[in-house]
Amino acid sequence: MNSLAPELIAELKEKKEPEKGLQPLDIKGALVMRFAPNPNGPPTIGSSRGIVVNSEYTKKYNGKFIVRFDDTDPATKAPMLEAYDWYLDDCKWLGANPDEVVIASDRIPKYYEVAEQIIKKSGAYVCFCEQEEFKALKDVKKSCPHRDQDVESNLGYWEKMLSGDYKEQEAVLRIKTDIAHKDPAIRDWVAFRIIKKPHPRPEVSDKYVVWPLLDFEGAVEDHLLGTTLIIRGKDLIDSETRQRYIYTYMGWNYPETMHWGRIQIHEFGKLSTSGLKKAIADGTYTGWDDPRVPTIRALRRRGIRAEALRKFMIELGLGETDISMSLDTLYAENRKIVDPIANRYFFVWDPVELDVLGAEPKTAKAPLHPSRGMMREIPVGTKVLVCKSDVENLKDGERLRLKDLYNIQITGLSPLSAKFIGTDMDLVKKEKARIIHWAPPDGQKVRVLSPDGEYSGMGEHGIELELDNVVQFERFGFVRIDSINGDEVLAYYTHK
RNA sequence: GCUCCGAUAGUGUAGCACGGCCAAUCAUGUCAGACUCUCACUCUGACGACUGGGGUUCAAAUCCCCAUCGGAGCACCA
């Protein structure tokens, strides 16, 4: 068949293996996409979706990938200075280095220019209504008195806004849409408001008192940057309708758009950036890379590979439904990468001392990795440490195998003692004796930080040489060796 | 209340634009077994879904209508 009709086979394969994950795009010209976060906290798992999907498409279609910081709110969601670099760093780590980086707070004058033009086209007006007052009118499709101001007056008010003549809340610039639009979300929305709080970035600080809202800033930037395709969360789905008014006034072409639903990760629940910030401040979490926190930084520290996270995000695809996922799939993906390369070590948590009578001191030999030849050597005397959970339900006289060492028979429970009964593996095979791991009492102290708590205990020497590597603690799980503090190794739990 | 949008196994996805090849894909998960000096890995097998009801049609997961459930927006947040 292959020789008769190779193209048929190819076609079959094509049908059977459609584009996995991301749907192919119907691209006409060049592809320009952007990821536009507000850097008011570090990138989270959610951000990684935006980074990965946008960059993946631009890679695939030879497009341009822009990171744009939408940091135009110095008050309610004020940017965090360190976060700008964190975003860029995590992008780089994810293999999504941007072709261009834009910071909105650097480009405020451009937004003023567009605003002025729209005012001149009667597309915007300065509104002095109180918020509730305006909402009441809007809800019954009534325009406010300011809507009919002429261009000259609006221009004058706008100038006064810019020069700081008004207080916060006193005036806003509204985009004229359709005050009777059937969707209340569209009616004459606010494009600029007055904020007198300085911007956290020293280069901007108190340079401006009039700040654009996302819908305006984003609309202008997407045009300026030549964005051709926007993929963003569906919370911004109505933005398009609002922003199109600007595009119409200015005679621009609106980019294509796609939206995705919210992801909720079982393991993390509903944690907002502001909620996290609080929990870190009050000491609930140790920082933005605490293993319990849903940031990219935490995942990195735990030893999740960028490639695994990328694949995970790509395979989620682009659905408008909200999804609720477990990290198991990410872990499985990561395990595939990490398992073949992670060296194996013993780590005994909640250690219990065990005397072995009749044992000669020796050096145990165990493979560094089950499918490779390299061995590790563990010198051991007549005492070993074992996990409390392994010996809790032991019965006197029970026979066990200390992995890669020898067989023992329990002779006493408290204190725990045993006698040496040989080295033969037959015991394990015939009696189906349990095999447990162990550590030498003079081994390497280890502490593991995991999403569900902390484990302290003893490991074998050699662990301290694996700094920054992901290793597997046998019968425990994968960990990333993070640092050495004094005589103790600190590891972060990756996954089972 | 007003405007949008969505619904395939436990979870996430493929299929839906152009109805038949779908007794529905892949992954993950769970269970069982094999392998193994790890509860890891690998292998084998099992489990498991088209939200409900109508309609169109020779034929519906796919088209239409209604219902139900879920979500988003209606901010001087992003």
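User: How many aromatic pairs does the count come to?
Analyst: The model is predicted. Ring centres must lie within 6.5 Å to pair. By this rule the count comes to 23 aromatic pairs.

User: Is the aromatic pair of F476 and Y493 stacked or edge-to-face?
Analyst: The ring centres of F476 and Y493 are 5.6 Å apart, and the planes stand at 80 degrees. Planes over 60 degrees apart count as edge-to-face. The pair of F476 and Y493 is therefore edge-to-face.

User: Which parts of the chain does this pair link, and how many residues apart are F476 and Y493?
Analyst: F476 belongs to the loop between strand 24 (470–473) and strand 25 (477–485). Y493 lies in strand 26 (residues 488–495). The two are 17 residues apart.

User: Are F476 and Y493 buried or exposed?
Analyst: Buried means under 20% relative accessible area. Both F476 and Y493 are buried.

User: Which ring does the charged end of R376 sit over, and at what distance from its centre?
Analyst: The cut-off for a charge over a ring is 6 Å from the ring centre. For R376, the ring is that of F346, and the distance is 4.8 Å.

User: Why do L276, A279 and I280 lie on the same side of helix 9?
Analyst: In helix 9 (residues 273–281), these three residues are buried. They lie on the same side because they cover an arc of only 100 degrees around the axis.

User: Which residues are exposed on the other side of helix 9?
Analyst: The buried residues of helix 9 are L276, A279 and I280. On the other side, the exposed residues are S274, K278 and A281.

Definitions and conventions
Residues numbered from 1 in each chain as written. Chains lettered and ligands numbered in written order. Predicted model: local features only at pLDDT ≥ 70, side-chain atom pairs only at ≥ 80, totals over all residues. Heavy atoms only, no water. Phe/Tyr/Trp six-rings, centres within 6.5 Å; stacked < 30°, edge-to-face > 60°. Helix = DSSP H or I, 4+ residues; strand = E, 2+ residues; numbered from the N terminus. Buried < 20%, exposed > 50% of the residue type's maximum accessible area, 1.4 Å probe, protein only. Lys NZ or Arg CZ within 6 Å of the ring centre and 35° of its normal. Arc of directions from axis to C-beta.
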